[in-house]
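Please look over the structure below. The report that follows goes through one residue pair, then the strands and helices, then the chain as a whole.

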Amino acid sequence: DPDVAENPAELVVYGGIGRAARDWDCYDAILRSLKDLNDDETLLVMGTAAPDVAGEAVSRFMPDVALVDMRMSGALDTARSLRSAHSRLVVVALGVAEADTVLLPCAQAGIAGFVTPGATSAEVGKAVHSAVRGELVCTPRFAGLLLSSIGALAGAPSQADPDALTP
């Protein structure tokens, strides 16, 4: 609404850097996604939220999926809190760096899908739909990091011994 937006031409909808979308291409992708929703689907977009605020919104609107921007302060706590209070909720983490120090805590928090920074809206959609089906779409690097982390937790050596491999 141009009457209340701070700078509608740049998609700034309120003070600071709050934006309706990253850019016009993203805005168009959001509109396409809304048009493609089935009658029994709802898209709830919520800004920055502390765990208790996010939990209240999830309790009220009962979404199937929550997207959590992992670059936000307290995002991991929010994801963990949501999963703890809503066991059927599928949480997909946005902006996840390809590092084992980030990936493993996300997995331990019950996050079902991961999207790297700079992912396209199509990649986000694919990650969400896959997570709902209980599948994980990730880069080969993510897969390797996740397997290495699980191996480390199990006490397995972090690198395979090439001499131990059989032809």
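## F142 and its aromatic partner

F142 has a relative accessibility of 2%, which is under the 20% limit for a buried residue, so F142 counts as buried. The model is a predicted one. F114 is also classed as buried, because its relative accessibility is 6%.

Searching the whole structure gives 1 aromatic pair. That pair consists of F114 and F142, arranged edge-to-face, with 5.8 Å from centre to centre and 85° between the planes. It links distant parts of the chain: F114 belongs to strand β3, F142 belongs to helix α6 (residues 140-153), and 28 residues separate them.

## Strand β2 and its neighbours

Strand β2 spans residues 90-94, and 4 of these 5 residues are buried, so the strand is largely enclosed by the rest of the structure. Strand β1 (residues 65-69) pairs with β2 in the parallel sense, over 5 bridges. Strand β3 (residues 113-115) also pairs with β2 in the parallel sense, over 3 bridges.

A93 in β2 can be followed in both pairings. In the pairing with β1, A93 is the bridge partner of V68. In the pairing with β3, A93 stands opposite F114, the residue that forms the edge-to-face pair with F142.

## Crossovers between the strands

Which helix goes with β1 and β2 in a β-α-β unit? Helix α3 (residues 75-85) does, and the unit is right-handed. A further right-handed β-α-β unit is made by β2, helix α4 (residues 100-108) and β3. Strand β2 thus has a place in the unit with α3 and in the unit with α4.

## The chain as a whole

The chain contains 6 helices and 3 strands. Their order along the sequence is α-α-β-α-β-α-β-α-α. Helix α6, which carries F142, covers residues 140-153.

Of the 167 residues in the chain, 27% are buried; F114 and F142 are among the buried residues. The accessible surface comes to about 11,200 Å², and carbon and sulfur atoms account for 55% of this area. Where contacts join residues at least 6 apart in sequence, 47% of them are between residues at least 24 apart.

Note on methods:
Residues numbered from 1 in each chain as written. Predicted model: local features only at pLDDT ≥ 70, side-chain atom pairs only at ≥ 80, totals over all residues. Heavy atoms only, no water. Buried < 20%, exposed > 50% of the residue type's maximum accessible area, 1.4 Å probe, protein only. Helix = DSSP H or I, 4+ residues; strand = E, 2+ residues; numbered from the N terminus. Pairing = 2+ DSSP bridges. Right-handed = clockwise from strand over helix to strand, strands pointing away. Contact = heavy atoms within 4.5 Å. Areas by Shrake-Rupley, 256 points an atom, 1.4 Å probe, with all protein chains shown as cover. Phe/Tyr/Trp six-rings, centres within 6.5 Å; stacked < 30°, edge-to-face > 60°.
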